[in-house]
Structures are given as structure tokens and as C-alpha cells.
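Welcome, and please open the model in your viewer. We will walk through it stop by stop, with something to select each time.

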Amino acid sequence: MYQLQPMRHTRPLLGSYVEMIANAPPKLAERGVSAAFAELKHVHQQMNFHDAESDLSRINLYAWKRPVSISPSTLRVLCFARQLARQTDGLFDFTTGGCLVREGRLPDHGFCDLYARGWDALLLLCLLYTSP
């Protein structure tokens with residue numbers, strides 16, 4: 001009986017490096033790791049603060065003045081983030097992007113004042129305009 005060797009792959013995604021480790025027969029591990037990275041790439045494209053065309057950037061740029069169409073998965077993540085923020089009394093803060101832009105640590109894609117409107121109002125608008 002032979003020992004499976006864990007397969008490790010690392011790629012830059014989500015503003016960091018993501019490592020996948022699969023402990024399966026080589027072909028199955030490769031398919032699983034490839035599928036997982038494909039899904040993360042999709043999430044990265046939708047919610048990447050660095051990409052001016054992502055759902056997240058379009059929300060920051062336009063949602064305060066007009067409806068923005070976003071993917072259902074982006075909406076779920078934002079609603080979950082709001083829920084975590086409420087449950088932790090703000091210890092989990094998903095609104096720190098504005099501070100990081102002002103400090104030059106995140107790119108400024110021409111956002112208006114990121115604190116000009118409440119996040120609850122923005123998310124409510126997102127909910128209204130993404131519903132079928």
C-alpha cells in the first residue's frame with residue numbers, strides 16, 4: 001500500500017496568497033485543486049477591491065447615487081459581513097476600506113466619501129435591486 005503525498009498549489013488571489021492542499025490520488029487532487037482555484041478566481045473577480053470593474057468597486061463608485069447590479073454571491077457575502085459586524089458589535093469591521101484608501105494602502109478608483117452613506121442603507125438598496 002502506498003502513501004498519498006499531499007498536493008500543494010499556491011496562487012495570488014483575494015489580495016493575498018491562497019494555498020490549496022489536497023490529499024487524494026494525483027488526478028483527483030489536481031481536478032479538485034483546479035476546481036477550487038477556479039471558484040476562488042470567480043470570487044476574486046467579483047469582490048476584488050483592487051479591480052475597478054469588480055462588484056465591490058462598482059458598489060463603492062455608484063450605489064450611493066444609482067442602482068448597481070451585482071452577483072447574488074457578492075450580495076450574500078456583503079449580507080453575511082453585515083451580520084458578522086452586528087454580532088461582534090463592530091469587532092469585525094468590513095467598512096475599513098475607506099480608511100485604507102485614505103492612508104494609500106488600497107487603490108482609490110475615484111470613490112466618493114466611503115462614509116457618506118450608511119452601509120445598512122447601501123445593502124438595503126443592493127437587496128432591492130438584485131432581487132428578480
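The tour below starts with the whole chain and then moves to single elements and residues.

**Before you start**

This is a predicted model, in which local features need pLDDT of at least 70 and side-chain atom pairs count only at pLDDT 80 or more, while totals for chains, interfaces and linings use all residues. Residues are numbered from 1 along each chain as its sequence is written, and side-chain values use heavy atoms, with hydrogens and water left out.

**Stop 1: the whole chain**

Show the cartoon first. You should find five helices and two strands, where helices (H or I, at least four residues) and strands (E, at least two) are DSSP runs, numbered from the N terminus. Followed from the N terminus, the order is β-β-α-α-α-α-α.

Now switch on the surface. The accessible surface comes to about 8,900 Å², with 58% of it belonging to carbon and sulfur atoms; areas come from the Shrake-Rupley method with a 1.4 Å probe, and for residues only the protein chains shown count as cover. Of the 132 residues, 34% are buried. Here buried means under 20% relative accessible area, exposed over 50%, and partly exposed in between (1.4 Å probe, protein chains only).

What share of the contacts with a separation of 6 or more comes from residues 24 or more positions apart? That share is 42%, with contact meaning heavy atoms within 4.5 Å.

**Stop 2: the two strands**

Select Arg-8 and Glu-19, whose side chains meet in a salt bridge (3.4 Å, N to O). The pair links distant parts of the chain: Arg-8 sits in strand 1 (residues 7–13) and Glu-19 in strand 2 (residues 16–22), eleven residues apart. A salt bridge is a side-chain nitrogen of Lys or Arg within 4 Å of a carboxyl oxygen of Asp or Glu. Arg-8 counts as exposed because its relative accessibility is 51%, whereas Glu-19, at 42%, counts as partly exposed.

The structure holds three salt bridges. For another of them, jump to Glu-103 and Arg-105, which meet at 3.1 Å, N to O. Both Glu-103 and Arg-105 are exposed.

**Stop 3: helix 2 and Asp-55**

Next, select residues 55–62, which form helix 2. Why is this helix largely enclosed by the rest of the structure? Six of its eight residues are buried, so the rest of the structure largely encloses helix 2. Colour Asp-55, Leu-56, Ser-57, Ile-59, Asn-60 and Leu-61 to see the buried ones.

Stay on Asp-55 and add Arg-58: their side chains form a salt bridge as well (2.4 Å, N to O). Because Asp-55 and Arg-58 are three residues apart in helix 2, about one helical turn separates them. Is each partner buried or partly exposed? Asp-55 is buried, with a relative accessible area of 8%, while Arg-58 is partly exposed at 21%.

Now widen the selection around Asp-55. Leaving aside neighbours within four places in sequence, Asp-55 is in contact with Gln-46, Ser-69, Ile-70, Ser-71 and Thr-74. Measure from Asp-55 to Ser-69, C-alpha to C-alpha: they are 7.9 Å apart in space and 14 residues apart in sequence.

**Stop 4: Gln-46**

One of those contacts, Gln-46, lies in helix 1 (residues 26–47). Gln-46 is buried, with a relative accessible area of 10%. Beyond its neighbours within four places in sequence, Gln-46 touches Ser-54, Asp-55, Leu-56, Ser-71, Ser-73 and Thr-74.

**Stop 5: helix 3**

Select residues 72–87 for helix 3, which has 16 residues. Helix 3 reaches 22 Å from its first C-alpha to its last, close to the expected 22 Å, a span defined as 1.5 Å times one less than the number of residues. Its buried residues include Ser-73, Thr-74, Arg-82 and Ala-85. After helix 3 comes Asp-89, whose phi is positive, near 50°.

**Stop 6: the nonpolar cores**

In soluble globular proteins, nonpolar side chains tend to be buried together. A nonpolar core here is a set of buried Ala, Val, Leu, Ile, Met, Phe, Trp, Tyr and Cys residues joined through side-chain atoms within 4.5 Å.

Show side chains for the largest core, which has eleven residues, among them Phe-49, Leu-56, Ile-59, Leu-75, Leu-78, Cys-79 and Leu-106. Helix 2 and helix 3 each supply at least two of its residues. Which helix gives the most to this core? Helix 3 does, with three residues.

Finally, select Met-20, Ala-24, Ala-29 and Val-33, which are included in a second, separate core of ten residues.
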